[in-house]
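Please open the model in your viewer and keep the sequence panel beside it. The tour below goes from one selection to the next and says what is to be found at each.

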Amino acid sequence: MAGASTVQNGSLSKLQSLHGIFAIHKKKGPTSADVLNTLKKTLLKEAGVTNFNPRKRKQPLKIGHGGTLDSNASGVLVVGIGEGTKMLTTMLAGSKKYTAFGELGKATDTLDVTGNVVEEKSYDHITKEAFEEKMKQFTGEIMQVPPLYSALKKDGKRMSVLLKQGQEVEAKPARPVTVYSLSLEDFSPPLFTIDVECGGGFYVRSLINDLGKALSSCAHIKELTRTKQGQFTLEEHALKEDRWTLTDISQALQPCPVPSASEKNAKKAKSKHNPTTSESKGGDGD
């Protein structure tokens, strides 16, 4: 028994010595937070920790993600572990690529297939040429209003949660976002597929909704896949659930520098003398 305990303690120590970022493949269905909890539970179980409680303040493993993916979306979810969680702000602001499968003629309250249809309009007048021409308006630096159903927060609570509770929520003001490239991959009305590369804080759901309006119709997303985030691609880097192991993650990890004990103590002392307040920005979403 003592030997098994030593192995487990060794596995936990090895897990806690990992510092960096890596990518996992998020499936359609669960929230990004659910996926993160499953990953954490899987890794801690392998390390011999079976009584994992995600609500506990002090956690045996520090882990976070670099940008919310909606429940209905799948693809690359960048994960930070240990000191790597401090690198996630850069991932939030960095570029991302998506493939979106949309439908013309129907708008929903959530701007995707999970919502209730709130408007139906004709789309017969929309040609492939008109669609591609209109897409040019949504390339470069543009202003975008985030969806009501989003990870953005009001009074510390997610807007999507407040709406589900029946509370009234006002739309956030339009904000500047960047679209690096936008291409129409398939056009089979009412269905279409687009590829988009964008910067942080961008919502593909809002893009599809705005495109539908600009074409004198309406539209919503049926499926969304994040194919790339930063240097991580879906094909090459995103670990599927059967590879959420200590060995696979150790091999896939992009390590980050770990501060020494003296550096940590100096930082703690500095923060005591110069306290700062942090404001929740809400995850960028899709």
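Begin by selecting helix α6, which is mostly covered, with 8 of its 11 residues buried; here buried means under 20% relative accessible area, exposed over 50% and partly exposed in between, with a 1.4 Å probe and protein chains only. Helices (H or I, at least four residues) and strands (E, at least two) are DSSP runs, numbered from the N terminus. This is a predicted model, in which local features need pLDDT of at least 70 and side-chain atom pairs count only at pLDDT 80 or more, while totals for chains, interfaces and linings use all residues. Residues are numbered from 1 along each chain as its sequence is written, and side-chain values use heavy atoms, with hydrogens and water left out.

**Helix α6 and its surroundings**

Within α6, show the side chains of the buried residues, which are Val204, Arg205, Ser206, Leu207, Ile208, Asn209, Leu211 and Gly212. If you then display β4, α4, β7 (140-144), β10, β11 and β12 (219-229), you will have the elements against which these buried residues of α6 pack. Centre next on asparagine 209, which is found in this helix (residues 204-214) and is buried, with a relative accessible area of 11%. Leaving aside its neighbours within four places in sequence, asparagine 209 is in contact (heavy atoms within 4.5 Å) with Leu111 and Ala219. Following the chain past α6 brings you to serine 216, whose phi is positive, near 55°.

**Strand β11 and its partners**

Now select strand β11 (residues 191-198), where 6 of the 8 residues are buried. Two strands pair if DSSP finds at least two bridges between them. Strand β4 (residues 96-104) pairs with β11 in the antiparallel sense over 8 bridges, and leucine 191 of β11 is the bridge partner of glutamate 103. Strand β10 (residues 175-188) also pairs with β11 in the antiparallel sense over 8 bridges, and here cysteine 198 of β11 is the bridge partner of valine 179. Trace the link between β10 and β11 as well, since the two form a hairpin with 2 residues between them.

**The aromatic rings**

How many aromatic pairs does the structure hold? There are 2, where rings of Phe, Tyr and Trp (its six-membered ring) pair if their centres lie within 6.5 Å, with planes under 30 degrees apart counted as stacked, over 60 as edge-to-face and the rest as tilted. Select phenylalanine 131 and phenylalanine 192, which form a tilted pair at 4.9 Å centre to centre, with 55° between the planes. Phenylalanine 131 lies in helix α4 (residues 128-135) and phenylalanine 192 in strand β11, so the pair ties together parts that are 61 residues apart in sequence. Phenylalanine 131 counts as buried at 1% relative accessibility, and phenylalanine 192 is buried as well, with a relative accessible area of 1%. Add Phe187 to the selection, and you have the cluster that ring pairs form from Phe131, Phe187 and Phe192.

**Leucine 39 in helix α2**

Move on to leucine 39, which is found in helix α2 (residues 32-46) and counts as buried at 0% relative accessibility. Leaving aside its neighbours within four places in sequence, leucine 39 is in contact with Phe22, Ile24, Ile63, Val79, Trp244 and Ile249. For one of these, isoleucine 63, the C-alpha to C-alpha distance from leucine 39 is 9.3 Å, across 24 residues in sequence.

**The whole chain**

Finally, zoom out to the full protein, which has 8 helices and 14 strands and in which buried residues make up 43% of the 286 residues.
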